[in-house]
Amino acid sequence: MQEQRDPVPEQRESTPGEEERASTTAESDPFLAGLPKCELHLHIEGTLEPGLKLALAARNGMVLPYADEAAVRAAYAFDSLPSFLVQYYEGMSVLRTEQDFYDLAAAYAARAHAQNVRYAEIFFDPQAHTARGVAFDTVVRGLTRALDDARRATGFRGHLILCFLRDFQAEFAMATLVQALPYKDWILGVGLDSDEKGNPPLKFAQVFARARAEGFRLTMHCDIDQENTTEHIRQALDVIGVDRIDHGTNAVEDPELVEKLLDRGIGLTTCPISNGVVTEGMKAAEIKQLLDLGVKVTVNSDDPAYFDGYVTENLAALRDALSLTDAELVRLERNAVEISWAPPAVKDALLAELDAYGA
Ligand code: ADE
Ligand code: ZN
């Protein structure tokens, strides 16, 4: 039997960070719209928009307690990582068949293409599905088929990163890794997400060592302002030996960690709008500090259907908060391409395009 998640801690009373949400000009900004983009921190289950959620529920004969899309959205109430995760896991229960996973990834690929995202490395959470009886093959086959079709139709390239859920036991993660081995060609790397409290990187040291030995690239979430956050970043760097870190913005508090990121060329996948919802503010100043120190910081959307912003909106929010120049926006995208796990030819072509665009 699989482990049950810990009970969810009480929610905070206020919604810190809301006041820092910049009003964005994403849609009307031609420079941002045309900027070629690379997204590295995107949970495919977090792209499940209310309309698709209702449609999949109906197709699967499920009755949800919402009359329409507005009612689904109105029910979203989160102001912390744990309170967000409750609604995130509940929402994905409508995903049951291979076609459901196909439709989810196809919808994201269409949106990404519309925002000029050229390349994306996309997290998926197989344990959140296998734990409720959906086969691993159903999940990975539906997602992969949609990404392949999107690539043929529009040129958008999307690749999968398998995330282990850190609030389940390490044994379940190891079993999931073994389940993934026959699908190696469809999965670029592995990551770690879900509730970080009490679930440090060390808990998964053996799983990540095996994943590395099997040829997967490694990343993991070090979410914002977590308990022991800088120690978790240190473990990710020194014990796990990650290739990059998701969020990881608290590294700015420790010069030794910044030095390690710089020495090893390890990048951070930051998510400004999501930061503003689940923590106290977008962490714009910290992101800028890291960028100015030369750390390969990138801007991403995390769970855009829940946090109300895809990658263009995240770039716009950060740009508006920091008065970023066009050159700095190009630099953020260059960073993303550089720290991506794309083949050299794909990276070179995207970097050349960004150079031309910046000029
Ligand atoms: N699962 C989906 N989004 C997440 C996030 N931002 N942090 C941790 N786990 C997640
Ligand atoms: Zn995330």
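How many bridges join β2 to β3, and in which sense do the two strands run? Six bridges join them, and the strands run parallel.

## Ground rules

This is a predicted model, where local features need pLDDT of at least 70, side-chain atom pairs count only at pLDDT 80 or more, and totals for chains, interfaces and linings use all residues. Residues are numbered from 1 along each chain as its sequence is written, chains are lettered from A and ligands numbered from 1 in the order in which they are written, and side-chain values use heavy atoms, with hydrogens and water left out.

## Strands β1 to β3

Back to that opening pair. Helices (H or I, at least four residues) and strands (E, at least two) are DSSP runs, numbered from the N terminus, and two strands pair if DSSP finds at least two bridges between them. Phe 123 stands opposite Ile 161 in β3. On the β1 side, β1 and β2 pair in the parallel sense over three bridges, with Glu 39 matched to Ala 120 in β2.

β2 is mostly covered, as seven of its eight residues are buried. Here buried means under 20% relative accessible area, exposed means over 50%, and partly exposed is in between (1.4 Å probe, protein chains only). Leading into β2, the loop between α5 (98–114) and β2 (117–124) holds Asn 116. Its phi is near 65 degrees, a positive value in a residue other than glycine. In general, most residues other than glycine have a negative phi. Asn 116 has 18% relative accessibility, so it counts as buried.

## The zinc site

What are the protein donors of the zinc ion (ligand 2)? They are His 41 (NE2), His 43 (NE2), His 221 (NE2) and Asp 302 (OD), lying 2.0 to 2.3 Å from the ion. Donors are N, O and S atoms within 2.8 Å of the metal (3.2 Å for Na, K and Ca); water is not among the atoms, so sites may look incomplete. Along the chain, the donors follow the spacing H-x1-H-x177-H-x80-D. His 41 sits in the loop between β1 (37–39) and α2 (50–59) and Asp 302 in the loop between β8 (297–299) and α14 (304–307), so this pair ties together parts that are 261 residues apart in sequence.

As for geometry, the four donor atoms subtend angles of 84 to 175 degrees, which makes the arrangement irregular. The cut-offs: four donors count as tetrahedral if all angles lie between 85 and 135 degrees; four count as square planar and six as octahedral if opposite donors are over 155 degrees apart and all others between 65 and 115; anything else is irregular. His 41 counts as buried because its relative accessibility is 0%, and Asp 302 counts as buried at 4%. Asp 302 also has a positive phi of about 65 degrees although it is not a glycine.

## Asp 193 and Asp 167

Asp 193 is found in strand β4 (residues 187–193) and is buried, with a relative accessible area of 3%. Leaving aside neighbours within four places in sequence, its contacts (heavy atoms within 4.5 Å) include the zinc donors His 43 and His 221, along with Asp 125, Cys 163, Phe 164, Leu 165 and Arg 166.

Asp 167 is in the loop between β3 (157–165) and α8 (170–180), and at 7% relative accessibility it counts as buried. Asp 167 and Tyr 89 are 78 residues apart in sequence and 13 Å apart in space, C-alpha to C-alpha.

## β6 to β8 and helix α10

Now for β7 (residues 267–270). Both of its faces are covered: Gly 267 and Thr 269 on one side and Leu 268 and Thr 270 on the other are all buried. Three bridges join β6 to β7, which run parallel, and Ile 245 has Leu 268 as its bridge partner in β7. The chain crosses from β6 through α11 to β7 in a right-handed β-α-β crossover (with the strands pointing away from the viewer, the path from the first strand over the helix to the second runs clockwise). β7 and β8 also pair in the parallel sense over three bridges, and Leu 268 stands opposite Val 297 in β8.

Helix α10 (residues 229–240) has buried residues including His 232, Ile 233 and Leu 237. The buried residues of α10 pack against α9 (205–213), β5 (217–222), β6 (244–247) and α11 (255–264). Just after α10, Gly 241 takes a positive phi of about 70 degrees.
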